[in-house]
Amino acid sequence: MRLRADFWVSAYLRRCAHEGAVAVLRRRGAAEAGAIFVKVDRLDGAAALFGPAPQSEAQDAGDRLFTRLHPEPWIDPAEAEAKLTRQIKFDPDLWILETEDREGRCFLDLVE
């Protein structure tokens, strides 16, 4: 059974705080199963955007896996915002978290 989105978001925010990164909830989505997107801003003009990995990548139904939503390691923050705007039009029940970390850590389980 997969952890509810609101519980997962709460745990993610606490993990970031524990690691010394600033993370904020920018948009609240559906509590039970809303898709979660995470923008990581290095505060130097570079950002990364992560979203749900395809279901075919999930090894265990309980894991929440993420994938980078662009081929480059880092993109311009404005480009990340444009991608988020398109995602909101597609799915208005999504969650958006933003993490500010000069080291660029995302604290997510990523598919390779």
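This is a short back-and-forth on why some features of this predicted model carry the labels they do.

Me: What makes W8 and Y12 an aromatic pair that is stacked?
Reply: Two values settle that one. The ring centres of W8 and Y12 are 5.3 Å apart, and the cut-off for pairing is 6.5 Å. Their planes make an angle of 10°, and under 30 degrees counts as stacked, so the label follows.

Me: Where do W8 and Y12 sit relative to each other in helix α1?
Reply: They are 4 residues apart in helix α1, so about one helical turn separates them.

Me: Then why is the pair of W8 and F66 called tilted?
Reply: The centres of W8 and F66 lie 5.2 Å apart, with 35° between the planes. Stacked needs under 30 degrees and edge-to-face needs over 60, so an angle that fits neither is called tilted.

Me: Which parts of the chain does the pair of W8 and F66 link?
Reply: Distant ones: W8 is in helix α1 and F66 in strand β4, 58 residues apart. The search of the whole structure gives 2 aromatic pairs, and ring pairs join W8, Y12 and F66 into a cluster.

Me: How do you know whether those three rings are buried or exposed?
Reply: Check each against the cut-off for buried, which is under 20% relative accessible area. W8 comes out at 15%, so it is buried. Y12 has 3% and is therefore buried too. F66, at 1%, also counts as buried.

Me: Which residues of the largest nonpolar core touch the most other members?
Reply: That core has 17 residues, and the ones with the most contacts to other members are W8, Y12, I36, V38, F50, L97 and L108. At least two core residues come from each of α1, β2, β3 and β5, and α1 gives the largest share, 5 residues. Beyond its sequence neighbours within four places, W8 is in contact with L3, I36, R64, F66, L97 and L108. There's also a second, separate core of 9 residues, with A35, L49, I75 and L94 among them.

Me: Why are C16 and C106 not counted as a disulfide?
Reply: The sulfur of C106 is 8.9 Å from the closest cysteine sulfur, that of C16, which is too far for a bond. The cut-off is 2.5 Å, so the pair fails. The count for the structure comes to 0 disulfides.

Me: How do you know whether C16 and C106 are buried or exposed?
Reply: C16 has 0% relative accessibility, so it counts as buried. C106 is at 12% and therefore also counts as buried.

Me: What makes H70 buried, given that it lies in a loop?
Reply: H70 is in the loop between β4 and α2, but the label rests on accessibility. Its value is 5%, so H70 counts as buried. Leaving out residues up to four places away in sequence, H70 touches A47, A48, L49, I75 and K83. A polar atom of its side chain is 3.0 Å from the backbone nitrogen of L49.

Me: Why is I88 called partly exposed?
Reply: The value for I88 is 25%. Buried means under 20% and exposed means over 50%, so a residue in between is partly exposed. I88 lies in helix α2, and its contacts outside four places in sequence are R27, L94 and I96. I88 and R27 are 61 residues apart in sequence, yet 9.9 Å apart from C-alpha to C-alpha.

Me: And what makes the link between R26 and E98 a polar contact?
Reply: Their side chains make that contact at 2.7 Å, and the cut-off for a pair of N or O atoms is 3.5 Å, so the distance fits. R26 lies in strand β1 and, at 37% relative accessibility, counts as partly exposed. Its C-alpha is 5.5 Å from that of L97, 71 residues away along the chain.

Me: How do you know that the charged end of R4 sits over the ring of F7?
Reply: It is 5.2 Å from the ring centre, and the distance cut-off is 6 Å. R68 gets the label too: its charged end sits over the ring of W74, 5.8 Å from the centre.

Methods:
Residues numbered from 1 in each chain as written. Predicted model: local features only at pLDDT ≥ 70, side-chain atom pairs only at ≥ 80, totals over all residues. Heavy atoms only, no water. Core = buried A, V, L, I, M, F, W, Y, C linked by side-chain atoms within 4.5 Å. Buried < 20%, exposed > 50% of the residue type's maximum accessible area, 1.4 Å probe, protein only. Contact = heavy atoms within 4.5 Å. Polar contact = N/O pair within 3.5 Å; in protein donor to acceptor, adjacent residues only side chain to side chain. Phe/Tyr/Trp six-rings, centres within 6.5 Å; stacked < 30°, edge-to-face > 60°. Lys NZ or Arg CZ within 6 Å of the ring centre and 35° of its normal.
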